[in-house]
Amino acid sequence: MTAPSIDIALFTSDQARAIDRRATDEAGMPGYELMNRAAASAFAMLRRRWPAARRLRVVCGTGNNGGDGYLVARDARASGCEVVLFALGEPRPGSDAERARRDFEKAGGVVHPWGPPTEPADVIVDAIYGTGLNRAPEGVAKAAIEAMGTEGAPILALDVPSGVSADTGACPGVAVRAEATACFIVHKRGLHTHQGERAGAIELFDLGVPASLRGTPDAHLLQPATLPPRPRDAHKGTNGHVLVIGGDHGTGGAARMAAEAAARTGAGLVSVATREENVLAMNAARPELMARGVDGPQTLAPLLDKASVLALGPGLGQAAWGHALWTTALDANLPTVLDADGLNLLHAEPRDLPGRLVITPHPGEAGRLLDRSTADVQDDRFAAARELARRFRATVVLKGNGSLVATPQGAVFVCPWGNPGMASGGMGDTLTGIIAGLLAQGCDATEAACLGVGLHARAADVAARAGERGLLAGDLLEPLRRLLNGRED
Ligand SMILES: NC(=O)C1=CN([C@@H]2O[C@H](COP(=O)(O)OP(=O)(O)OC[C@H]3O[C@@H](n4cnc5c(N)ncnc54)[C@H](O)[C@@H]3O)[C@@H](O)[C@H]2O)[C@@H](O)CC1
Ligand SMILES: [K+]
């Protein structure tokens with residue numbers, strides 16, 4: 001796998017707090033100095049993004065995020081902007097936020113208690129909650145967040161859009177939807193998955209805190225990557241043989257899509273073990289695939305002998321036919337991508353799994369595998385993905401907005417690409433095929449999952465240029481091929 005060396009490291013709120021402390025204790029950077037730098041960076045960002053903005057509204061909470069807000073307001077007034085500042089409460093006595101409020105007032109600024117705004121604003125600065133959010137916003141905070149959402153003015157969030165958990169991307173209640181977010185010191189992992197998209201465009205300001213104080217990140221953002229060029233003497237035998245197992249009565253399309261995606265990803269050979277009734281159509285539509293009718297383990301066995309990688313589950317069903325193939329296929333102990341009904345069968349019948357295993361659950365399937373609700377999974381996707389990886393000793397792709405890849409060793413990678421057009425039938429089967437195709441070409445499970453998730457989502461973004469609605473899984477194959485060959489970004 002070839003990837004550029006840029007690493008975007010993601011951190012939890014606890015880690016961010018510890019880094020703040022180390023900046024003060026070890027690098028002699030007092031919190032108030034950092035707050036001033038945060039405000040200056042955010043105001044410069046506001047100026048860059050909205051050069052014509054003159055009327056600003058700043059809404060401050062009671063913590064240090066509010067403190068950042070007071071200082072943005074002070075700087076904005078000093079640059080000639082009209083600033084209306086609402087405070088949702090009093091900062092704690094002796095805190096940096098209280099000092100910031102006093103500085104704002106000393107410079108002539110007026111603090112208004114929250115009330116429905118009467119003046120229009122060109123830009124609203126959200127300084128209600130940052131990394132300190134610990135429950136659903138209520139009372140004035142809820143009212144202020146709701147009011148921001150109905151006005152239509154662009155919102156610049158400071159550090160985190162208020163109401164979004166910086167750790168998980170979940171929203172316990174109402175939350176700001178920002179056009180952009182000025183993120184301070186380190187990237188917060190929750191802004192890159194689930195509802196973290198409410199941050200809009202994120203700009204990071206390190207505030208001069210040395211990278212050496214950061215420690216080990218909790219997760220990493222995937223970077224665009226592809227496979228190295230093929231050696232000139234490559235032949236189909238050197239690129240692996242994927243066997244897709246699936247396609248019960250009425251669901252042959254799922255197996256066909258996974259198989260075609262594996263072939264388009266560059267697998268040397270792709271076979272499909274499916275119901276006899278699917279064979280003719282599959283071979284006619286895509287003669288490069290070798291579709292075979294199988295009625296049970298005996299007819300599957302010779303196909304397993306020839307395969308180097310399995311894609312097990314697309315359209316497999318959970319009835320006797322699917323169950324028998326599933327058991328036999330797992331016994332073959334080949335590198336395997338397990339998806340869809342392959343995962344549902346695993347929930348019904350936990351068992352030993354092959355070594356090089358990738359599982360690709362959506363949040364509902366993940367919830368079933370963990371005996372939790374889908375909402376529980378979404379409340380902390382990082383924890384759910386890690387728990388699955390540990391429990392099944394597999395590389396896990398937890399699908400959804402900001403797909404996660406978790407390894408059994410505890411590493412997590414977050415996919416920054418993808419779009420809502422991908423919420424359509426066959427997308428998961430295509431991803432399964434892509435990952436299987438990469439395993440077949442020699443990637444290990446983590447490489448195949450990271451590269452596969454990234455290529456799938458980037459291909460979907462290219463395909464969605466024509467519109468997200470109506471995007472079909474099959475539309476991904478052409479851009480996929482171009483991206484895989486380094487032809488398009
Ligand atoms: N050295 C530092 O610590 C720096 C901190 N900075 C800012 O400080 C922020 C963190 O500040 P804080 O830790 O004070 O936390 P916040 O300002 O995010 O939250 C303030 C307090 O509100 C309370 N709270 C949380 N959710 C609530 C809810 N739903 N309803 C009512 N009350 C709620 C909590 O007790 C929390 O401590 C960062 O996000 C960043 O914006 C920046 O100024 C840079 C430097
Ligand atoms: K905020």
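What follows is a chat between a student and a tutor about the predicted model shown above.

Student: Before we start, how are things numbered here, and what kind of model is this?

Tutor: Residues are numbered from 1 along each chain as its sequence is written, while chains are lettered from A and ligands numbered from 1 in the order in which they are written. This is a predicted model, in which local features need pLDDT of at least 70 and side-chain atom pairs count only at pLDDT 80 or more, whereas totals for chains, interfaces and linings use all residues.

Student: OK, what helices and strands does the protein chain have?

Tutor: The protein chain has 16 helices and 19 strands, where helices (H or I, at least four residues) and strands (E, at least two) are DSSP runs numbered from the N terminus.

Student: And what about its overall dimensions?

Tutor: The C-alpha trace spans about 85 × 45 × 40 Å along its principal axes. The radius of gyration of the chain is 26 Å, which agrees with the value near 23 Å for a compact globule of 489 residues; this radius is taken over C-alpha atoms, and the globule rule is 2.2 Å times the number of residues to the power 0.38.

Student: Which domains are assigned, and how far apart are their centres?

Tutor: The assignment gives domain 1 (8-218) and domain 2 (236-484), with bounds that come from an automatic or database domain assignment, and their centres, taken over C-alpha atoms, are separated by 41 Å. The contact between them takes 10 residues from domain 1 and 11 residues from domain 2, and two residues are in contact if their C-beta atoms, placed from the backbone, lie within 7 Å.

Student: What classes of residue does domain 1 put on that side?

Tutor: The side of domain 1 that touches domain 2 has two nonpolar, six polar and two charged residues. Here Ala, Val, Leu, Ile, Met, Phe, Trp, Tyr, Cys and Pro count as nonpolar, Asp, Glu, Lys and Arg as charged, and the others, Gly among them, as polar.

Student: Switching to the inside, how much of the chain is buried?

Tutor: Of the 489 residues, 52% count as buried, and a residue is buried if 20 or more other C-beta atoms lie within 10 Å of its own, exposed if 12 or fewer, and partly exposed in between, with C-beta atoms placed from the backbone.

Student: So how many residues are in the largest nonpolar core, and which have the most contacts?

Tutor: The largest nonpolar core has 155 residues, and Val-242, Val-244 and Ala-262 have the most contacts inside it. Helix H15 (residues 445-463) gives the most to this core, with 11 residues, and the core draws at least three residues from each of domain 1 and domain 2. Such a core is a set of buried Ala, Val, Leu, Ile, Met, Phe, Trp, Tyr and Cys residues joined through C-beta atoms within 7 Å.

Student: What does Val-244 touch?

Tutor: Leaving out residues up to four places away in sequence, Val-244 touches several residues, including Ala-255, Ala-262, Val-272 and Pro-314.

Student: Now the ligand: which residues come nearest to ligand 1?

Tutor: Of the 28 residues around ligand 1, Gly-63, Asn-64, Asn-65, Gly-130 and Gly-132 come nearest, and a residue counts as near if its C-beta atom, placed from the backbone, lies within 6 Å of the molecule. Helix H2 (31-49) and helix H3 (64-78) each supply at least two residues of this shell, and the largest share, five residues, comes from H3. By class, the shell has 11 nonpolar, 12 polar and five charged residues.

Student: Where is Asp-339, and is that residue buried or exposed?

Tutor: Asp-339 is in the loop between strand E15 (336-338) and helix H10 (341-348), and Asp-339 counts as buried because it has 31 C-beta neighbours inside 10 Å. Beyond its neighbours within four places in sequence, Asp-339 is in contact with Gly-313, Pro-314, Thr-360, Gly-428 and Thr-432. The C-alpha atoms of Asp-339 and Gly-428 are separated by 8.1 Å, although the two residues are 89 residues apart along the chain.

Student: What is the phi of Ala-340?

Tutor: Phi of Ala-340 is near 50 degrees, a positive value in a residue other than glycine, and Ala-340 also lies in the loop between E15 and H10. Ala-340 is buried, since 25 other C-beta atoms are within 10 Å.
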